[in-house]
2 protein chains.
Amino acid sequence: MAARAAVHAHTSHNHRACIDDALATARGLCAERGVQLTPLREKVLQIVWRSHKPMGAYEVLDELARSHKSARPPTVYRALDFLMAEGLIHKIESLNAYLGCIEAGAPHSGQFLICRQCGATEEIVDPRLETALEAAAGRAHFRPERKVVEISGLCARCGK
Amino acid sequence: MAARAAVHAHTSHNHRACIDDALATARGLCAERGVQLTPLREKVLQIVWRSHKPMGAYEVLDELARSHKSARPPTVYRALDFLMAEGLIHKIESLNAYLGCIEAGAPHSGQFLICRQCGATEEIVDPRLETALEAAAGRAHFRPERKVVEISGLCARCGK
DNA sequence: GACAGGACTGTTACGTTGTAACATCCGTCC
DNA sequence: GGACGGATGTTACAACGTAACAGTCCTGTC
Ligand SMILES: [Zn+2]
Ligand SMILES: [Zn+2]
Ligand SMILES: [Zn+2]
Ligand SMILES: [Zn+2]
């Protein structure tokens, strides 16, 4: 797998590299696992990765339909479901939208920082926060499986 | 404000007391703030509090319509929006459903433990987790405003 | 080569969740 | 009385998501 640059969603950067990296990683993981990253699924992944802003399913559909006339809601949702199952994208529950995963291959629920100003959403992988979540659940005698953490506010750039 | 029993959502308890307490607290807070907890809004709050399972807006609507023939989606969404604005209920984003707040009056984003087996959802107010969220955001130079924390899994009872 | 099975995609139709926009009602203030 | 602001009534629609069945394509088997 290609080395991953430490890019922050809200900063300007060579986003082409983000996309190429995500696609290469996805191809590698799917090959390893013996699942099919079909052209359709890859195209949807590419569309989701067009930016660091979570993208709604119908927005993906509109994009997809430009090159794929037969695209319908199930087309998109099936691809999104596949990509989520393989850990290649996340759903942002508070926005009903989807975002490329920056740590594909390492199973995890995402932790997200969503800028309400610019929309850029950064996935963080913070072991201390993960520990705190486990501990909080443990104190309540709860066995956690999926952890949704979505923090909205202002990113470094928009926060002045 | 009435003293609040430390009740866990998944355990059996005198739920009537939960409801009475929530309504009393709501009336007190709205009076203090000079906002109107109208009969309609109070009824919706009561319906949301019927259980410790998050309730969908259309489920609320069905209940409400039994006693309020003119109820329509906007009727319910306006009441839910008011109750959220006053911090009397929370929206559970991962379920598109609504839950009574156990700490009304103390402004906070909720932290929730959602049992996938029995559906009971417990709101926790865990200062250590809160601190960890703030710290994680801070390390990313992010200024948090709203924090969505929804942990799904098995509650103490369902986890065997 | 026929054929059964499985994975993927096409297609139609519908279910669920949420909102815009405008009308009406009602109490308060001048 | 008349203007206003807050709350509710009412219609229509937008946005998000899924069920169900049909077609395609590949592959393994006989
Ligand atoms: Zn990028
Ligand atoms: Zn991720
Ligand atoms: Zn209770
Ligand atoms: Zn609360």
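Q: Why does His141(A) count as exposed?
A: The relative accessibility of His141(A) is 58%, and a residue is called exposed when its relative accessible area is over 50%, buried when it is under 20% and partly exposed in between (1.4 Å probe, protein chains only), so His141(A) falls into the exposed class. Residues are numbered from 1 along each chain as its sequence is written, while chains are lettered from A and ligands numbered from 1 in the order in which they are written. This is a predicted model, in which local features need pLDDT of at least 70, side-chain atom pairs count only at pLDDT 80 or more, and totals for chains, interfaces and linings use all residues; side-chain values use heavy atoms, with hydrogens and water left out.

Q: Where is His141(A) found, and what is its phi?
A: His141(A) sits in the loop between α5 (127-139) and β5 (143-154) of chain A, where helices (H or I, at least four residues) and strands (E, at least two) are DSSP runs numbered from the N terminus. Its phi is near 55°, a positive value in a residue other than glycine. In chain B, His141(B) also has a positive phi of about 55°, and His141(B) is exposed with a relative accessible area of 59%.

Q: How do you know how the length of α1(B) stands against the expected span of a helix?
A: The expected span is 1.5 Å times one less than the number of residues. Helix α1(B) has 19 residues and reaches 27 Å from its first C-alpha to its last, which is close to the 27 Å expected. The buried residues of α1(B), including Ile19(B), Leu23(B) and Leu29(B), pack against α2 and α4 (73-85) of chain B. Just after the helix, Gly34(B) takes a positive phi of about 70°.

Q: What makes certain atoms the protein donors of the zinc ion (ligand 3)?
A: A donor is an N, O or S atom within 2.8 Å of the metal (3.2 Å for Na, K and Ca), and, water not being among the atoms, sites may look incomplete. The NE2 of His13(B), the ND1 of His15(B), the SG of Cys18(B) and the NE2 of His52(B) lie 1.8 to 2.3 Å from the zinc ion (ligand 3), so these atoms fit the definition. His15(B) lies in helix α1 (residues 15-33) of chain B and His52(B) in the loop between α2 (39-48) and α3 (57-65), so the pair ties together parts that are 37 residues apart in sequence.

Q: What is the geometry at the site of the zinc ion (ligand 3), judging by the angles among its four donor atoms?
A: Four donors count as tetrahedral if all angles lie between 85 and 135 degrees; four count as square planar and six as octahedral if opposite donors are over 155 degrees apart and all others between 65 and 115, and anything else is irregular. The angles at this zinc ion run from 102 to 118°, so the site is tetrahedral. For comparison, the ideal angle for four tetrahedral donors is 109.5 degrees.

Q: Why does His15(B) count as buried or exposed?
A: With a relative accessible area of 16%, His15(B) is buried, and His52(B), at 13%, counts as buried as well.

Q: How do you know that Glu145(B) and Arg116(A) meet in a salt bridge?
A: A salt bridge is a side-chain nitrogen of Lys or Arg within 4 Å of a carboxyl oxygen of Asp or Glu. The N to O distance here is 2.6 Å, so the pair meets the definition. The pair crosses between chains, from Glu145(B) in strand β5 of chain B to Arg116(A) in the loop between β3 (111-115) and β4 (121-124) of chain A. Glu145(B) is partly exposed at 37%, whereas Arg116(A) is exposed at 52%.

Q: What makes Arg139(A) and Asp126(B) a salt bridge?
A: Their closest N and O atoms are 2.9 Å apart. Arg139(A) lies in helix α5 of chain A and Asp126(B) in the loop between β4 (121-124) and α5 of chain B, so the pair joins two chains. The count between chain A and chain B is four salt bridges.

Q: What is the area buried between chain A and chain B?
A: Buried area is the accessible area (1.4 Å probe) that two parts lose on being put together, summed over both. Here that area is about 3,000 Å², of which carbon and sulfur atoms give 57%.

Notes. Contact means heavy atoms within 4.5 Å.
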